[in-house]
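Colleague: I've got a model open and I'd like to learn how to read it. Could you walk me through it?

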Amino acid sequence: MTASMTSFARLDKQLESGLLTWELRSVNHRYLEMFVRMPEEFRQLEPGVRELAGKHLRRGKVELHLRYTPHAANTAVLSVNVPMVEMLRKALHDVSVHAPDVKSPTSLELLSWPGVAISESADMKPLQDAAMELLQEALTQMVEGRRR
């Protein structure tokens with residue numbers, strides 16, 4: 001049976017700690033090409049995400065986007081990775097020596113740099129497991145959409 005490569009799937013799952021959302025899009029492409037976007041605290045799931053998507057999809061240009069919105073009451077304690085900030089400060093100094101016209105980042109921009117802001121939250125394993133289960137459901141929905 002011939003299936004289209006163009007499809008879309010979006011699934012949400014409300015958890016005690018927050019809202020998980022997978023949004024998947026695929027368009028025609030000769031090979032399977034995946035683009036995975038997810039919050040930093042889920043980044044270690046990427047190899048498993050690619051493997052699971054590869055089992056369901058053979059071709060197409062596929063975007064897999066995970067969003068996590070924590071509940072305000074469950075937000076974790078936020079701290080700053082001081083050694084990382086110090087490394088960035090030194091790198092910024094080196095850049096300013098060689099390119100004095102380059103604008104320095106603001107404090108908020110530095111905080112958004114991966115690894116600078118550390119969230120000291122509860123165990124992420126249940127949340128990551130829920131994300132993978134939700135991905136499985138979203139991939140099934142996408143494959144069904146391709147068949148339709």
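Modeller: Let's go from the overall fold to one helix, then to charges and a surface patch. Keep in mind that this is a predicted model.

Colleague: Fine. What order do the elements of the chain run in from the N terminus?

Modeller: Reading the order of helices and strands gives you a quick map. Here there are 4 helices and 6 strands, and they run β-β-β-α-β-β-α-α-β-α.

Colleague: And how does the radius of gyration of the chain compare with that of a compact globule of 148 residues?

Modeller: A compact globule of that length would come out near 15 Å, but this chain has 19 Å. The C-alpha trace spans about 60 × 40 × 20 Å along its principal axes, and 29% of the 148 residues count as buried.

Colleague: Now helix H4. Which of its residues are buried?

Modeller: Start with the general idea: an α-helix has 3.6 residues a turn, so residues three or four places apart point the same way. In H4, which covers residues 125-147, the buried set includes Leu 127, Ala 131, Leu 134, Leu 135, Ala 138, Leu 139 and Met 142. Gln 128 and Arg 146 are on that buried list too.

Colleague: What covers those buried residues of H4?

Modeller: Among the elements doing so are strands E1, E2 and E4, along with helix H1. As for its span, H4 reaches 33 Å from first C-alpha to last, close to the 33 Å expected for its 23 residues.

Colleague: How many salt bridges are there by the rule used here?

Modeller: The count comes to 10. One sits within H4: Asp 129 pairs with Lys 125, with the closest N and O atoms 2.9 Å apart. The two partners are 4 residues apart, about one turn of the helix.

Colleague: Is Glu 46, the partner of Arg 43, buried or exposed?

Modeller: Buried, because its relative accessible area is 17% and the cut-off is under 20%. Arg 43, at 28%, counts as partly exposed. Their closest N and O atoms are 2.7 Å apart.

Colleague: Which residues are linked in a network of salt bridges?

Modeller: Arg 10, Asp 12, Glu 23, Arg 25 and Arg 67. Within that group, Asp 12 bridges to Arg 10 at 3.9 Å.

Colleague: Last one: which residues form the nonpolar patch on the surface?

Modeller: Val 80, Val 82, Leu 108 and Leu 111, together showing about 390 Å² of accessible area. Val 80 belongs to strand E5 and is partly exposed at 44% relative accessibility.

Notes. Residues are numbered from 1 along each chain as its sequence is written. This is a predicted model: local features need pLDDT of at least 70, side-chain atom pairs count only at pLDDT 80 or more; totals for chains, interfaces and linings use all residues. Side-chain values use heavy atoms; hydrogens and water are left out. Patches are made of residues with over 30% relative accessible area and no salt bridge: like charges are joined within 9 Å, nonpolar side chains (Val, Leu, Ile, Met, Phe, Trp, Tyr) within 5 Å. Accessible areas come from the Shrake-Rupley method with a 1.4 Å probe; for residues, only the protein chains shown count as cover. A salt bridge is a side-chain nitrogen of Lys or Arg within 4 Å of a carboxyl oxygen of Asp or Glu. Helices (H or I, at least four residues) and strands (E, at least two) are DSSP runs, numbered from the N terminus. Buried means under 20% relative accessible area, exposed over 50%, partly exposed in between (1.4 Å probe, protein chains only). The radius of gyration is taken over C-alpha atoms; the globule rule is 2.2 Å times the number of residues to the power 0.38. The expected span of a helix is 1.5 Å times one less than its number of residues. Contact means heavy atoms within 4.5 Å.
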